[in-house]
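Please open the model in a viewer and keep the selection tool at hand. The tour below proceeds from one selection to the next.

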Amino acid sequence: MSAVPLRNNKAAASSVRSVTVLGATGSIGDSTMDLLRASPERYRVEALTANSNVEALAKLAKEFSARFVAIADTSKFAELRAALAGTGTECGAGESAVIEAGARPADWVMAAVSGAAGLKPALAAVDRGAHVALANKECLVCAGDFFMQRAAKAGACILPADSEHNALFQALASGNRDELVRVIITASGGPFRTWKPADIEQATLAQALKHPNWSMGQKITIDSASMMNKGLEVIEASYLFALSPDEIDVLVHPQSIIHGMVEFSDCSVVAQLGSPDMRTPIAHCLGWPDRIKGPAAKLDLAKIGQLTFEAPDFERFPGLRLAFDSLRTGKGATTVYNAANEVAVAAFIAGKIRFGAIARLVEETLDDWIRSGNQAPLTSADDAIAVDHVARNRAAALLPQIALKAS
């Protein structure tokens, strides 16, 4: 049985839902807290976490009367405890405290801690059968098989919080699994959609950060420019909905109005549309199985005028092709894909490699991993973290020669 329900079989919703937000001070966390702020009568905050932003975390804890807060950076614990003295809010620091936040008895958990650090806290929520709104890509890209198996075993409900996967989640409710032909993930094409390959190769950091539709963090914006982000979403969709790579397509849609589509056996295609605002999919997860009022702008198709579509260009954006390749390879390859990309993006931000070298470093790292013959199914969080660590080290070792080739 899938941990992602394909139909919204409604259950009686609690009058007040307890909520934990893992990664409360990031962009997804900000949007989640904004929605909680708008409906204080519906939600009670159990726990909040942050990486190192004590000031923002303490402010949120006081505003929402959180019962527990955790800061990942242990050096900030004394500062956090002092900021919350006399409030009655419990405090913790370090990895164990963030995991404890996930294990606290909240009905609904937003898993938005970025990177591999988000895996164990999300699993803590999964293992107690919570509703988990998943915004951390690494949980699926690095550990998708056993993450979804653990969720199904515990009876946890995984609610996709990314706009594209949430769109598929909603559209899939229109049919049964055996009626599905394919899912279609849309992509804006990013800032370099119409650029020539030679210009993409030389793109600057400032240019890569000018996304035409979405306001996001630096890493995800660069991933969107390279279409690595869409590759990560393909991998996520495969694990979330138990899809083969051949059941997933990508379609470039510059307006970012249609977020995902599902084609069924009768040739019907069901799409989810909405203004490009992350609060819409988060609101869907937060209210599920009901719907709550969202603050996003209403969709005015007459004002937009037209919706256009293009096939993705795997030659100009090889990161997308590499995602499908790693998914077909399996046995840790998607973990390597993600780790190598993070190393490559950090190197690009630091000015060590050109933009075009991001995909080359990922491809070289994947090839090296396959040649090593160390592929094996991942069966635990520690397995996934170990592969992630090895891949990062190998990508870092390959970085000088990739930089030299591009010079």
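A residue counts as buried when its relative accessible area is under 20%. With a relative accessible area of 0%, T20 is therefore buried. The model shown here is a predicted one, and T20 is the starting point of the tour.

**First selection: T20 and its contacts**

Select T20, which has its place in strand β1. Leaving aside residues up to four places away in sequence, T20 touches E46, A47, A101, A106, W108, V109 and M110. Displaying these side chains shows what surrounds T20.

**Second selection: strands β1 and β2**

Extend the selection to the whole of β1, residues 17–22, and add β2. The two strands pair in the parallel sense, over five bridges. Within this pairing, V19 stands opposite V45 of β2. To follow the chain from β1 to β2, select helix α1, residues 27–38; the path runs through this helix, and the β-α-β crossover is right-handed.

Now select β2 alone, residues 43–50. Is this strand enclosed or open? Seven of its eight residues are buried, so β2 is largely enclosed by the rest of the structure.

**Third selection: from β2 to β3**

Add strand β3, residues 68–71, which pairs with β2 in the parallel sense over four bridges. Two residue pairs help to locate the contact between the strands. T49 stands opposite A70 of β3, and L48 has V69 as its bridge partner in β3. Then select helix α2, residues 54–64: together with β2 and β3, this helix makes a right-handed β-α-β unit.

**Fourth selection: the whole sheet**

In what order do the strands of this sheet lie? Seven strands form an open sheet, in the order β4-β3-β2-β1-β5-β6-β7, and their pairing is parallel. At the edges are β4 (90–93) and β7 (157–160), each of which pairs on one side only. Neighbouring strands of the sheet are turned against each other by 20 degrees on average, direction ignored. In general, strands of a sheet pair through backbone hydrogen bonds, either parallel or antiparallel.

**Fifth selection: helix α13**

Keep the sheet displayed and select helix α13, residues 279–287. This helix lies across β1, β2, β5 (108–111), β6 (131–134) and β7, and runs at about 135 degrees to β1. Is α13 mostly covered or uncovered? Seven of the nine residues of α13 are buried, so the helix is mostly covered. The buried residues of α13 are P281, I282, A283, H284, C285, L286 and G287.

**Last view: the entire protein**

Finally, clear the selection and display the complete model. The protein has 18 helices and 11 strands. Its radius of gyration is 21 Å, close to the 22 Å given by the globule rule for 407 residues, so the protein is as compact as a globular protein of that length. The C-alpha trace spans about 60 × 50 × 40 Å along its principal axes.

Of the 407 residues, 53% count as buried. The accessible surface comes to about 17,000 Å², and 51% of it belongs to carbon and sulfur atoms. Among contacts with a separation of 6 or more, 70% are accounted for by residues 24 or more positions apart.

Key: Residues numbered from 1 in each chain as written. Predicted model: local features only at pLDDT ≥ 70, side-chain atom pairs only at ≥ 80, totals over all residues. Heavy atoms only, no water. Buried < 20%, exposed > 50% of the residue type's maximum accessible area, 1.4 Å probe, protein only. Pairing = 2+ DSSP bridges. Right-handed = clockwise from strand over helix to strand, strands pointing away. Rg over C-alpha atoms; globule rule 2.2 N^0.38 Å. Contact = heavy atoms within 4.5 Å. Areas by Shrake-Rupley, 256 points an atom, 1.4 Å probe, with all protein chains shown as cover. Axes fitted to C-alpha atoms, helices over the stretch in contact; angles between N-to-C directions.
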